[in-house]
Amino acid sequence: MLMKDEGPECTAAGEYPADEFISHGRDVEMRWDSVDGWQHTPNDRFFVRNHTSTPRIDLAAYRLRMFGDGLAGAPTIEDAHTFTLDEIRDMGSVTHTYALECTGNGRRFFATQQDTHRAGTQWGLGAIGVAKWGGVSLTDLLSRVGVLDDAVDVMGEGLDEPYLHDGVDHGRVRRPVPIGKALDDVLVAYEMNGEPLPPDHGYPLRLVVPGWVGIASIKWLGSIHVSKQPLSSPWTTVFYRIEDEEGSTVLTEMPVKSAFELAWETSLEVGVPGVLRGRSWSGTGAIERVEVSTDGGENWTVPELFGPNEPKTWVRWELPWTPTEPGRYELLARASDTEGRTQPDSVAPNDDGYLFWAVVRHPVDVV
Ligand code: MTE
């Protein structure tokens, strides 16, 4: 499986306190109960998902290389167009708010809710963050290097160490994006919430592929290959795809999901008025509707949505609730997006435990 837990070399570089993060070895998950009124996830609260470890990049030597027969003159990797970070920054700056979410976010609920355990990092719902990404649009960058009309795929590659798994060297982390998506809304980001990208989040440059599986947003971007032929990598042929009776699908867009800003199995006091807070998000549309149940799904109430509600990010919501009887409760939140998708009660399991988007049953004790 891809997301088997860590080896000693597989680490994030930052500090991740236990009251803010759940550790999964090399990866760290944001605790939903540490979410504190912010719209954008602060950089030091953002989940980290590394295949190997965070590389140290020497900015003086750093160059982004762009090559391939999808560019005018068909430069090879040896005579690629090269850009320093300053040259990229000098191209200007666009800023957009987007969610970034791991494809396996929610994997543990395959086991706990559906009795279909899937190997890999047992994420709860905290492998998501929302940031204001600043950088240049990939469209701008591609037009500067003369992208051809018949280019079909664009593949970013990271500068982290090659990924070794089950004795196979898969090479550096890389994944193609079709030209249509590349020219739509993809960013080459150098800022996260107004700061240079932190080392664990891709310094000095990363792709941000809005609404798509997190693996598409290549960190520590070293090169961009533009091709007139379809490109592939182990991250499309082996990992991040689903094989089922309907066939074999390379994963692209993220589904619609919801989470409560509450600790798992937290205690609430009987008779004390409280407010249930949470967020819902979708990889394609904005959020159209959220429903919350405090009785395991018998009855549903519509919470108040507030703050921005844009596609490919999250919307916040809250619902006053005064539990009247002591006992064990299951809180449920179910969202629908503007693309007409509603979170189901369960999802068909897939081998690698990707895209768990069913309604999560969040236990709390009322005492
Ligand atoms: N890019 C490189 N070069 N190496 C990686 O290991 N992990 C991917 C993606 N980009 C990865 C990468 C995965 S699986 C995810 S979910 C996101 O980065 C996580 O981004 P974050 O660590 O900034 O939250």
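What radius of gyration would a compact globule of 367 residues have, and what does this chain have? For 367 residues a compact globule would come out near 21 Å, and the chain has 21 Å, so the two agree. Please keep in mind throughout that what we are looking at is a predicted model.

Let me stay with the whole chain for a moment. Along its principal axes, the C-alpha trace spans about 70 × 40 × 40 Å, and the secondary structure consists of five helices and 24 strands. Of the 367 residues, 55% count as buried, and the accessible surface comes to about 15300 Å², with 48% of that area belonging to carbon and sulfur atoms. If we take the contacts with a sequence separation of 6 or more, 72% of them are between residues 24 or more positions apart. As for charge, there are 32 positive and 57 negative side chains, and the centres of the two sets lie 2 Å apart.

Now to the division of the chain. Domain 1 covers 13–250 and domain 2 covers 257–366, and their C-alpha centres are 27 Å apart. The contact between them draws on 38 residues from domain 1 and 31 residues from domain 2.

I would like to go through some individual positions, in sequence order, beginning with two that sit around helix H3. Ser137 belongs to strand S6, which runs over residues 128–137, and with a relative accessible area of 18% it falls under the 20% cut-off, and therefore counts as buried. Beyond its neighbours within four places in sequence, Ser137 is in contact with Val94, Val186 and Leu187. Val145, for its part, is placed in the loop between helix H3 (138–144) and strand S7. Is Val145 buried or exposed? Its relative accessible area is 5%, so Val145 is buried, and, leaving out residues up to four places away in sequence, Val145 touches Met66, Leu71, Ala72, His81 and Phe83. By contrast with those contacts, Pro17, which is 128 residues from Val145 in sequence, is 43 Å from it in space, C-alpha to C-alpha.

Next come two prolines, both in loops. Pro162 is found between strand S7 (153–158) and strand S8 (164–165), and at 28% relative accessibility it counts as partly exposed. Its contacts, again setting aside neighbours within four places, are Thr52, Asp169, Gly171 and Arg172; for Arg172, 10 residues along the chain from Pro162, the C-alpha separation is 4.2 Å. The other proline, Pro204, lies in the loop between strand S12 (195–196) and strand S13 (206–208), and the peptide bond that joins Tyr203 to Pro204 is cis, with omega about 5°.

Which residues have a positive phi without being a glycine? Two that I can show you are Trp220, with phi of about 45°, and Glu265, with phi of about 60°. Trp220 sits in the loop between S13 and strand S14 (221–227), and its relative accessibility of 2% means that it counts as buried. Glu265 is likewise in a loop, here between strand S17 (256–260) and strand S18 (266–268), but with a relative accessible area of 41% Glu265 is partly exposed.

The final position is Val292, in strand S20, residues 287–293. With a relative accessible area of 1%, Val292 is buried, and the list of residues that it touches, not counting those up to four places away in sequence, runs to Phe260, Leu276, Asn299, Trp300, Thr301, Pro303, Trp317, Leu319, Leu332 and Ala333. One of these deserves a second look: Trp317 is in contact with Val292, while the C-alpha atoms of Val292 and Trp317, 25 residues apart in sequence, are 10.0 Å apart in space.

To return to the opening point, the radius of gyration of 21 Å agrees with the value for a compact globule of 367 residues, and within that chain two domains are assigned, 13–250 and 257–366.

Key. Residues are numbered from 1 along each chain as its sequence is written. This is a predicted model: local features need pLDDT of at least 70, side-chain atom pairs count only at pLDDT 80 or more; totals for chains, interfaces and linings use all residues. Side-chain values use heavy atoms; hydrogens and water are left out. Helices (H or I, at least four residues) and strands (E, at least two) are DSSP runs, numbered from the N terminus. The radius of gyration is taken over C-alpha atoms; the globule rule is 2.2 Å times the number of residues to the power 0.38. Buried means under 20% relative accessible area, exposed over 50%, partly exposed in between (1.4 Å probe, protein chains only). Contact means heavy atoms within 4.5 Å. Accessible areas come from the Shrake-Rupley method with a 1.4 Å probe; for residues, only the protein chains shown count as cover. Lys and Arg count as positive and Asp and Glu as negative; His and the chain ends are not counted. The place of a charge is taken as NZ of Lys, CZ of Arg, CG of Asp or CD of Glu. Domain bounds come from an automatic or database domain assignment.
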